[in-house]
Amino acid sequence: MSSTDYTKFARGNTADSCALWNLFSSPSFYASSRAAGCYYCITRFVQYELFTKQSTGKGQDYSRLKLGLNNEISAGSITLANIEINDLQDAQVLARSRHNSMGEISSMLFARKSRLAFLSDDGWAMKFATALRDAPTVQSTPHLVGWLVYQNALTESGVAGNVGELASYGRSLHGRYELASEQALELCDAKDRPKSQGVDWTASQS
Amino acid sequence: MGFTLEVAGNRTGIAVNALNQFETGAIEPNGDELLILADVYLKDFTIYLSSNSPDTLDRSKELYRLAGEATGESISNEDREAIQEFEFLCEAEHDMEEMLHRAKRYSFHFFTPKQLHKDQGEEVARQLRGILDLPDDEVSPNIYTLFRQLGVHLFRRPLRSRSMSGLFIMHPVAGRCLLINYEEDVYRQRFSVAHEMAHAIFDSALGIHVSPKTRRGVDLVELRADTFASHFLIPTPILRELSKRRAWTSEDVVEYAQKLRVSGQALAYALLKRNFISSERYEEVRQARIPRDNKLDPELPVDSSPIHALLAQKILDKGLSTYYVNLAFDAYEQGHISRGKLKSNLLLSEAEVMELGTLVRRKI
């Protein structure tokens with residue numbers, strides 16, 4: 001059983017580029033999350049990775065995604081943020097420059113500073129963010145899928161649709177999304193059972 | 001990289017006016033802008049934060065100056081970028097080797113002799129073949145792998161300049177780094193890597209050395225490197241043995257150049273300099289050419305499956321090595337680098353990393 005608590009999900013997130021693409025590759029997934037009250041922020045470095053860096057999206061047709069993402073940013077639905085040079089001068093951060101990408105570092109530092117959650121789908125980036133002093137809440141898009149299913153904001157067929165949309169961009173998280181969905185459904189089943197069966201009702205607060 | 005402000009503006013997405021103000025010191029970049037600049041210029045962002053870090057920006061300028069001097073032409077932006085990427089790959093390779101505790105397979109004492117003499121090339125080539133367990137009568141199968149096992153960082157990347165065969169950098173962190181011009185003939189590249197290895201052995205005190213394709217005047221440093229390369233790739237005992245049975249016609253030169261995986265010209269020159277043929281015979285055979293399609297790249301194994309051959313070719317075409325790609329995936333799988341860092345260390349997009357991961361059967 002996963003240690004992820006699908007009954008909870010922090011709605012405010014600073015996303016790294018990989019998590020943002022995973023979220024945005026499926027318009028219905030993104031829309032479901034927004035309808036459930038989630039909001040997203042990206043740092044200026046991540047914006048550069050998504051739109052300016054020459055290798056971004058090479059080999060796949062990301063133009064439609066970029067256009068949609070740009071519209072969301074222009075409309076202020078996804079906000080832009082900056083970290084400061086002082087934020088980078090943390091010894092823990094300097095020591096990680098050989099291990100983490102600059103997009104991950106920028107995103108986790110802004111998440112820490114702004115008290116938003118750090119949204120990433122990279123296990124090692126999540127691990128480091130968790131180890132930071134004053135670590136932000138760290139969560140992933142599979143966690144979001146599970147939480148949306150638990151909230152009844154996403155159905156099983158909706159999850160299958162997300163997986164298909166992601167796959168069309170060569171992104172594969174199907175095993176993780178399906179597992180999150182199954183585990184969230186198990187939690188829903190457990191919630192509906194009588195209390196005498198040992199379910200902790202206090203855990204089901206969102 | 002020596003971009004104009006307009007090019008830097010396009011590459012970074014930062015307004016030209018702001019870039020100009022960063023340059024003059026009128027304003028400071030914020031943290032994200034500093035990271036963007038580090039990414040575009042392929043530098044570790046920590047060097048911009050520390051006053052004790054090696055001055056890599058000055059080293060790059062010196063390198064371009066020396067390259068221009070050696071080749072007699074100014075270095076194009078494309079070649080500056082290729083050299084910058086090469087330095088980045090060497091540093092990343094060094095970092096990942098440290099993280100994974102990768103040890104050199106062979107131990108070789110690199111030294112700088114007090115006096116320069118071209119015969120040192122012959123002597124050290126013989127010593128190195130001994131250390132690498134290469135018998136005198138055996139061709140070194142994959143010279144690139146062997147040199148990497150000595151601890152040098154070695155990449156083959158296309159350079160637009162036809163006047164530059166390769167270069168050597170004594171990097172303050174990564175150590176000995178060799179860049180070979182991938183645009184050149186396959187056997188010429190093989191000679192170039194042995195030549196650059198000689199600079200790594202003898203000339204580390206120079207810090208940077210750029211090897212032009214054609215030279216003006218006599219340069220003993222280059223002559224020693226050529227002597228090393230020739231004796232390393234074409235050991236005298238092989239020539240002595242073959243000369244007992246061969247008259248060294250053009251056909252002989254082509255046949256044995258192919259077996260030794262050197263150009264006909266390099267073999268003919270070695271035969272002349274080591275007194276196995278006369279100067280008249282040399283004039284007859286020095287134009288002997290191996291057809292281009294018959295030449296074998298040591299990093300493209302002939303006995304591999306079509307899929308492996310395609311993979312090896314793809315890796316080479318991206319300016320990487322199979323060793324480097326495997327090292328990066330090992331570092332990722334063992335939790336030393338994140339997925340984002342894997343992508344940036346491979347200098348590839350997300351989609352390209354996914355494709356490469358599938359080809360090398362690595363899970364990402």
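In which helix of chain B is the place of Thr227(B)? The legends below take that up first and then move through the other views of this predicted model.

**View 1. Thr227(B) sits in helix H9 of chain B, which covers residues 220–233.** With a relative accessible area of 14%, Thr227(B) is buried, because that value is under the 20% cut-off. Look past its neighbours within four places in sequence and you will find Thr227(B) in contact with Lys118(B), Gly121(B) and Glu122(B). A further residue to pick out here is Lys273(B), 46 residues away from Thr227(B) in sequence. In space, their C-alpha atoms are 9.9 Å apart.

**View 2. Gln127(B) belongs to helix H6 of chain B, residues 119–131.** Is Gln127(B) buried or partly exposed? Its relative accessible area is 37%, so Gln127(B) counts as partly exposed. Phe108(B) makes a handy landmark: Gln127(B) and Phe108(B) are separated by 19 residues in sequence. From C-alpha to C-alpha, the distance between the two is 9.5 Å.

**View 3. Two loop residues of chain B, Leu42(B) and His101(B), have a positive phi.** As background for this pair, most residues other than glycine have a negative phi. For Leu42(B), phi is near 50 degrees. Leu42(B) lies in the loop that runs between helix H3 (31–40) and helix H4 (56–71). For His101(B), phi is near 55 degrees, and its loop connects helix H5 (77–99) with H6. Which of the two words, buried or exposed, fits Leu42(B)? Leu42(B) is buried, at 14% relative accessibility. His101(B), on the other hand, is exposed, with a relative accessibility of 71%.

**View 4. Chain B is divided into four parts: domain 1 (1–41), domain 2 (55–128 + 138–223), domain 3 (234–293) and domain 4 (306–359).** Note that domain 2 is given as two segments, 55–128 and 138–223. How many Å separate the centres of domain 3 and domain 4 of chain B? Taken over C-alpha atoms, the separation is 39 Å. Across the chain, the secondary structure comes to 17 helices and 4 strands. The C-alpha trace spans about 75 × 45 × 35 Å along its principal axes. A compact globule of 364 residues would have a radius of gyration near 21 Å, and the 22 Å of chain B agrees with that.

**View 5. The surface and interior of chain B come together in this view of its 364 residues, 56% of which count as buried.** About 16,400 Å² of chain B is exposed, and carbon and sulfur atoms supply 49% of that area. The chain carries 46 positive and 54 negative charges, and their mean positions lie 5 Å apart. Among contacts with a separation of 6 or more, 67% are between residues 24 or more positions apart.

**View 6. Thr14(A) is part of strand E1 of chain A, residues 12–15.** Its relative accessible area is 0%, so Thr14(A) is buried. Which residues does Thr14(A) contact once neighbours within four places in sequence are left aside? Among them are Cys41(A), Thr43(A), Ser107(A), Phe110(A), Ala111(A) and Leu119(A). Phe110(A) is worth a second look: 96 residues along the chain separate Phe110(A) from Thr14(A), while their C-alpha atoms are 7.2 Å apart.

**View 7. Tyr40(A) lies in strand E2 of chain A, residues 39–43.** Tyr40(A) is buried, with a relative accessible area of 2%. Leaving out residues up to four places away in sequence, Tyr40(A) touches several others, including Asn13(A), Leu23(A), Tyr30(A), Arg34(A), Ile78(A) and Leu144(A). Gly12(A) is 28 residues from Tyr40(A) along the chain, and their C-alpha atoms are separated by 6.0 Å.

**View 8. Chain A, home to the two preceding views, has 11 helices and 5 strands.** Of its 206 residues, 52% count as buried. Chain A exposes about 8,900 Å², with carbon and sulfur atoms supplying 50% of that area. What share of the contacts in chain A with a separation of 6 or more joins residues 24 or more positions apart? That share is 70%.

Conventions. Residues numbered from 1 in each chain as written. Chains lettered and ligands numbered in written order. Predicted model: local features only at pLDDT ≥ 70, side-chain atom pairs only at ≥ 80, totals over all residues. Heavy atoms only, no water. Rg over C-alpha atoms; globule rule 2.2 N^0.38 Å. Buried < 20%, exposed > 50% of the residue type's maximum accessible area, 1.4 Å probe, protein only. Contact = heavy atoms within 4.5 Å. Areas by Shrake-Rupley, 256 points an atom, 1.4 Å probe, with all protein chains shown as cover. Lys, Arg positive; Asp, Glu negative; His and termini not counted. Charge placed at Lys NZ, Arg CZ, Asp CG, Glu CD. Domains from an automatic or database assignment.
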